[in-house]
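Reader: Could you take me through one part of this model in some detail? I would like to hear about the salt bridges, and then how they sit beside the rest of the fold.

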Amino acid sequence: MIRNSKLSGILHILLHMAEHPGPVTSKHLSEMMVTNPVVIRQTMAGLRKQGYVKSEKGHGGGWTLACDPSTVTLQDIYAALGSPSLLAISNRTASPGCLVEQVVNSTLQQTFNEAEELLLSRFGEITLAMLIAECHTNATARGNNSQCYGAS
């Protein structure tokens, strides 16, 4: 089963950026996420269009947050990523005329829709600032002086 971890990855990046004192290069972010800098630039470009990040070119340039983490929710970031599918399961469609398949698919689809609605609702309740605060709480509990950045 193929799983899409883009939301998790971009949240990881955004939290590190929130902790970093200046711009972070695509190269640095790509090393942190074990991917190619081009992938980072493409993903970040979508977030830049939505006003969540900004970029500066040249020496000393890179990506920085352009938003207030207390006002940006997981749902906002999810939407900025193009609202990828939340569930990896789907309906069987081999026999669309079969009454059993129709009942099963109808029931499953209703349940899938309810699950997605619940996930999106919960995403709308969680801000980047809440994740940052939780990171600081966990870092303090581990004796890291509430510093999250640096341990990817």
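Author: Happy to. This is a predicted model, and the count of salt bridges in it comes to three. As background, side chains of opposite charge can pair when their charged atoms come close.

Let us begin with the pair inside a helix. Glutamate 31 and lysine 27 join their side chains in a salt bridge, with 2.6 Å from N to O. Both belong to helix H2 (residues 26–33), and because they are four residues apart there, about one helical turn separates them. Glutamate 31 is partly exposed, at a relative accessible area of 48%, while lysine 27 is exposed at 52%.

The next bridge links glutamate 101 with arginine 92, and its closest N and O atoms are 2.6 Å apart. Here the two partners fall into separate classes of exposure. Glutamate 101 has a relative accessible area of 8%, so it counts as buried, the limit being under 20%. Arginine 92, with 52%, is exposed.

The remaining bridge brings together the side chains of arginine 122 and glutamate 125, at 3.1 Å from N to O. Arginine 122 is partly exposed with 43% relative accessibility, and glutamate 125 is partly exposed too, with 45%.

Now for the nonpolar side of the picture, starting at the surface. Val100, Val104 and Leu108 make up a nonpolar surface patch, and together they offer about 240 Å² of accessible area. One of them, valine 100, lies in helix H5, which spans residues 99–123. Valine 100 has a relative accessible area of 59%, so it is exposed, the limit being over 50%.

Turning inward, the largest nonpolar core holds 27 residues, and Ile10, Met17, Leu29, Met44, Leu47 and Ile77 are those with the most contacts inside it. Two or more core residues come from each of helix H1 (6–19), H2, helix H3 (37–49), helix H4 (74–80) and helix H6 (128–141). H1 gives the largest share, seven residues. H2 therefore appears twice in this account: it carries the bridge between glutamate 31 and lysine 27, and it also contributes to the core.

Methionine 44 is a good place to look inside that core. Leaving aside residues up to four places away in sequence, methionine 44 touches Ile10, Ile13, Met17, Leu29, Val53 and Trp63. Among these neighbours, Ile10, Met17 and Leu29 are also listed with methionine 44 among the residues with the most contacts inside the core.

How values were computed: Residues are numbered from 1 along each chain as its sequence is written. This is a predicted model: local features need pLDDT of at least 70, side-chain atom pairs count only at pLDDT 80 or more; totals for chains, interfaces and linings use all residues. Side-chain values use heavy atoms; hydrogens and water are left out. Patches are made of residues with over 30% relative accessible area and no salt bridge: like charges are joined within 9 Å, nonpolar side chains (Val, Leu, Ile, Met, Phe, Trp, Tyr) within 5 Å. Accessible areas come from the Shrake-Rupley method with a 1.4 Å probe; for residues, only the protein chains shown count as cover. A salt bridge is a side-chain nitrogen of Lys or Arg within 4 Å of a carboxyl oxygen of Asp or Glu. Buried means under 20% relative accessible area, exposed over 50%, partly exposed in between (1.4 Å probe, protein chains only). A nonpolar core is a set of buried Ala, Val, Leu, Ile, Met, Phe, Trp, Tyr and Cys residues joined through side-chain atoms within 4.5 Å. Contact means heavy atoms within 4.5 Å.
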